[in-house]
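Q: Please take one part of this structure and examine it closely. Please also set out how it relates to the rest of the chain, in one connected account.

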Amino acid sequence: MSVYAASKWAVIGWSDSLRLELTQQGFGHVRVTTVAPSYISTGMFEGARGPLLTPVLTPEHVVDKVWRAMLAGRPMLMLPWSVGLAKTLKGILPTRAWDAMAGRVFGVYNSMDDFTGRQP
């Protein structure tokens, strides 16, 4: 989980920096849309279950939402809406309170207990 989380954080940081640099260099017409989805039913997350209020998304749904966000020039798209809620709660709650809520209430830390991934 730590490697996957680190790569997601890296993409978010990189795309934020790129977006700001483009604007500072006079290329504000070039848009960057960062996509932060929860689990998508592609086989990669086989066996994982979505945390509370976080369904496993279909690829078609994600593509539709991403396409619309890109066309609108949105800088960030979090899917589903509960991912944005989690980001907000993590930002305002003390770390221990967030960890307890994410683990015990939402079930985030156990959502991959039955993860198998795509099988050959």
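A: **A strand residue, the helix beside it and the chain around them**

Thr-34 is found in strand S1; helices (H or I, at least four residues) and strands (E, at least two) are DSSP runs, numbered from the N terminus. The model is a predicted one, in which local features need pLDDT of at least 70, side-chain atom pairs count only at pLDDT 80 or more, and totals for chains, interfaces and linings use all residues. Residues are numbered from 1 along each chain as its sequence is written, and side-chain values use heavy atoms, with hydrogens and water left out.

Because its relative accessibility is 3%, Thr-34 counts as buried; buried means under 20% relative accessible area, exposed over 50%, and partly exposed in between (1.4 Å probe, protein chains only). Its side chain makes a polar contact of 2.4 Å with that of Ser-15. Such a contact is a pair of N or O atoms within 3.5 Å; within protein, one must be able to donate a hydrogen and the other to accept it, and residues adjacent in sequence count only if both atoms are side-chain atoms. Leaving aside residues up to four places away in sequence, Thr-34 touches Ser-15, Ile-12, Pro-75, Met-76 and Leu-77, where contact means heavy atoms within 4.5 Å.

Strand S1 (34-37) and strand S2 (76-79) are also among the elements that cover the buried residues of helix H2. Those buried residues are Val-62, Val-66 and Ala-69. They lie on the same side of H2 because they cover an arc of only 65 degrees around the axis, the arc being that of the directions from the helix axis to the C-beta atoms. On the face turned away from this buried side, H2 carries the exposed residues Glu-60, Val-63, Trp-67, Arg-68, Leu-71 and Ala-72. The helix itself (residues 59-72) has 14 residues and reaches 20 Å from its first C-alpha to its last, close to the 20 Å expected at 1.5 Å a residue; the expected span is 1.5 Å times one less than the number of residues. After H2 comes Gly-73, with a positive phi near 75 degrees.

Two further backbone features lie in loops. Most residues other than glycine have a negative phi, and most peptide bonds are trans. Leu-53, in the loop between S1 and H2, has a positive phi of about 65 degrees although it is not a glycine. With 42% relative accessibility, Leu-53 counts as partly exposed. Beyond residues up to four places away in sequence, Leu-53 touches Pro-80, Trp-81, Ser-82 and Phe-106. Pro-80 belongs to the loop between S2 and helix H3 (81-92), and the peptide bond that joins Leu-79 to Pro-80 is cis, with omega near -15 degrees.

These parts belong to a chain with four helices and two strands, arranged along the sequence as α-β-α-β-α-α. Of its 120 residues, 27% count as buried. Among contacts with a separation of 6 or more, residues 24 or more positions apart account for 55%. The pLDDT, which is the predictor's confidence in each residue from 0 to 100, averages 92 over the protein chain, and 100% of the residues score at least 70.
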